[in-house]
Amino acid sequence: MIRITALIILTIINFSATKNINIDNELNNITILYLKEDYQAAEQKLIDLSHTNEPTQQFVFNLELADLYLDKLQRYNQAESIYNSLIEKFPKHKDIADIYYRLGVVYEKQERYLAAAQMYELVATKYYKSKYAPDALDAIERCFKKNYQDIVAKIDGFPITRIEFDERMAYNPSAYEKFSEKQKLLDEMIAEHLMFKQAQKIGIDQTADFGKRLAENRKNIMFQNWYQQEVVNKVKVSDREKKAYYKKHKTEFVIPEQASAREILVKTKEEAESLYKLIITDSLPFDSIAREVSLAPTKSAGGDMGYFRRGTHPKEVENVIFKLKPKSISKPFYSESKAGYLIIKLEDYKPKKERTYKDVALEIENRLRSQKIDETFRTKTEDFKKACKLTIDELAIKENRDTIAVIDDIPITQANINEYLDRIPPFYRAEFETAEGKKRILDQIILEKTWLKQLEKEKYWLLNAVFSQIDNVRRQLLINDLRKQEINDKIFISETELKSEYKRCLDEFKNPKQIRAREITVASESLAQEIRKLAISGKIPFDSLAREYSIAANKRVGGDMGFFSAGSKPKAIEEVAFKLSKGQISKVIKQNDTTFTIIKIEEIKEASTKPFEDVKTILQNRLRQSKDKELYENYISGLKNQYHIETFLVEEPTERESPETTPSESNMPKEQK
């Protein structure tokens, strides 16, 4: 009796101890271990917690342990075993659909696509009201691509399906019109899979550096998806809000009157009046005179002041400008602010315009959406902060102490700040190296850790859009790391090789003689002769004459033809151009009965050969690419010998041809070894 009573008491004590476990607190502690990346401690704690007889706790802690194996440790067999045990023990649990969905993820990670599709289908049909039903539907489609029976290749049984192959071709259909190009694409897809498997085989994904980079990508992917779903997609702007905003901010949507003008500024009234007469009576180009004599900063642009609103220029200047009519020229007047006499030509005038609600509705919606998104993000992140224990040492940064802040027992140190600094481009880094800049970095680190904790608790990594992206990034990182390790890092190019390549390609680095010229092209030979006389006299700059009279497309840039070498311009022009000296103006060149051209030589670059040092980087890149290709092809060839590869891609006969093989023969696999 005493023994039975003791056992009962012991059971009650154990049961009470079990009951006293606070599940939320324990899961919070586990999440903190995740943030510390101490997965071994998290695993041991969950194993201890899962050894309980209390059903709710048993389900929760075993599920969390399996999730740890699935997401953080990639131990898929252990995750699968626990999920199946939970299904067997808790077949009617309210979250049973979540387990089936997780099993689908496990099977997909193990490349068991048929089993994965079956799990996803179960969730999407039988448990269509569950949290993961929409994700399961998307996942079914992805698995369907791998289960599709039309297969173009197999690598040790792993399929590359026609759907996947066609999707890759769809990125650039014109590049795969020939069968040989399709074969090349298939070879690339096979090579990618071989490198992915090899990287896993040699344990690249087990290195600390790889884990760190993957974790950073994982964090960014989760945040981007959370931000899109929980912030951007949740923000709505009603018509009522837009109309109210328009009514309140109507003055903001008024486009004030604008003017476009040119100016000539001189010191004396006499000079200004003399220039005014030349412009009015002799019709000399306003912009040419501005370039020649104006003292204003706009001189080089022909006095062009561009478009501007009232309040941009001195009042006495604007009072004149806004009274002129387009294309009219003001009489000279004194400007105190510019300390000289001005002549103004009004080029264009745009009156004040009120934009209607219909004109600005989209702009208002974008403004309001942006405001609401910022407000929603601030609110949510503040809520995340409240869920954390945060202490900040305000003087730590100034006094250069190691620990700057502590969030949920996780210290934020100077090393964390410096690590963040290293990721900032050098051009912007200086502004963050100050105490104030480091404070901004600290705020960002705190923000990241608070929302990362929340996203870990909400299992954001399980969402279809997230884990598929993470998988793609993981795959690409593995392929890139293997290529770097086995190919890129093994390339060495000696100085002797570079100089030998330079001698071999010497003709390539020879620069032919080049000329920079301006042209004036007109439709009449007599007009061309008159313009040539004006150009030679020097009274009006050549570029101004080009802007005024030329019918060529480059008239707006003063007839500038840029630099050109022999063979790039019409023969008639080149025969003259390459015989002229710098500054010389050509005779009238007849190109045809309605095209007459005058050119002026601005600059001449004589033929030369680029020195070795100037092209060394080009040579290094060229030789590196060549060696990279050779090493890569040899490496892939070696990998192919380790796997059993079958290809099923066959060239479809054209309409003119009749297939020489039977259907059964055409589908026979072609083996690569």
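**Cavity, sheets and helix packing in the predicted model**

The largest cavity encloses about 30 Å³ of space. The structure described here is a predicted model. With a threshold of 30 Å³ or more, the count of cavities is 1. Lining residues of the largest cavity are Tyr-34, Glu-64, Asp-67, Leu-68, Lys-72, Glu-456, Lys-459 and Trp-461. Helix H4, spanning residues 55-72, supplies the largest share of this lining, with 4 residues. In terms of residue class, 5 of the lining residues are charged and 3 are nonpolar, while no polar residue takes part.

Two open sheets are considered next. Strands of a sheet pair through backbone hydrogen bonds, in either a parallel or an antiparallel arrangement. One open sheet comprises 4 strands in the order S5-S4-S7-S6, and its pairing is antiparallel. Strands S5 (304-309) and S6 (333-335) occupy the edges; each has a single partner strand, so one side of each lacks a neighbour in the sheet. On average, and with direction ignored, neighbouring strands of this sheet are turned by 45 degrees against each other. Between S6 and strand S7, which covers residues 340-350, the antiparallel pairing extends over 3 bridges. Within this part of the sheet, Phe-333 has Leu-342 of S7 as its bridge partner. Helix H14, formed by residues 286-293, packs on the sheet, where it touches strand S4 (258-266) and S7. The direction of H14 makes about 45 degrees with that of S4.

A further open sheet contains 3 strands, ordered S9-S10-S11 and paired in the antiparallel sense. Its edge strands are S9 (390-392) and S11 (410-413), each of which pairs on one side only. From one strand to the next, the twist averages 20 degrees. Strand S9 is joined to strand S10 (residues 403-407) by 3 bridges, and the two run antiparallel. Leu-390 has its bridge partner in S10, namely Ile-407. Between S10 and S11, which also run antiparallel, there are 4 bridges. Val-406 lies opposite Pro-411 of S11. The strands S10 and S11 form a hairpin in which 2 residues separate them. In the turn of this hairpin, Asp-408 adopts a positive phi of about 55 degrees.

Two helices are associated with this sheet. Helix H17, comprising residues 414-422, lies across S10 and S11 and runs at about 60 degrees to S11. Helix H19 (residues 435-457) packs on the sheet through S9, S10 and S11, with its direction at about 20 degrees to that of S10.

Packing between helices is illustrated by H10 and H25. The axes of helix H10 (residues 179-201) and helix H25 (residues 612-640) come within 10 Å and cross at roughly 75 degrees. H10 and H25 are therefore roughly perpendicular to each other, as angles of 65 to 115 degrees are placed in that category. On the H10 side, the contact is made by Asp-187, Ala-191, Leu-194, Met-195 and Gln-198. The contributing residues of H25 are Tyr-632, Tyr-635, Ile-636, Leu-639 and Lys-640. By class, this contact of H10 with H25 includes 7 nonpolar residues, together with 1 polar and 2 charged residues.

Note on methods:
Residues numbered from 1 in each chain as written. Predicted model: local features only at pLDDT ≥ 70, side-chain atom pairs only at ≥ 80, totals over all residues. Heavy atoms only, no water. Axes fitted to C-alpha atoms, helices over the stretch in contact; angles between N-to-C directions. Parallel < 35°, antiparallel > 145°, perpendicular 65-115°, else oblique. Contact = heavy atoms within 4.5 Å. Nonpolar A, V, L, I, M, F, W, Y, C, P; charged D, E, K, R; others polar. Pairing = 2+ DSSP bridges. 1 Å grid on protein atoms, 1.4 Å probe; cavity = no way out; pocket = protein on both sides within 12 Å on 5 of 7 lines; lining within 4 Å. Points joined across faces, edges and corners; volume = space filled by probe spheres on them.
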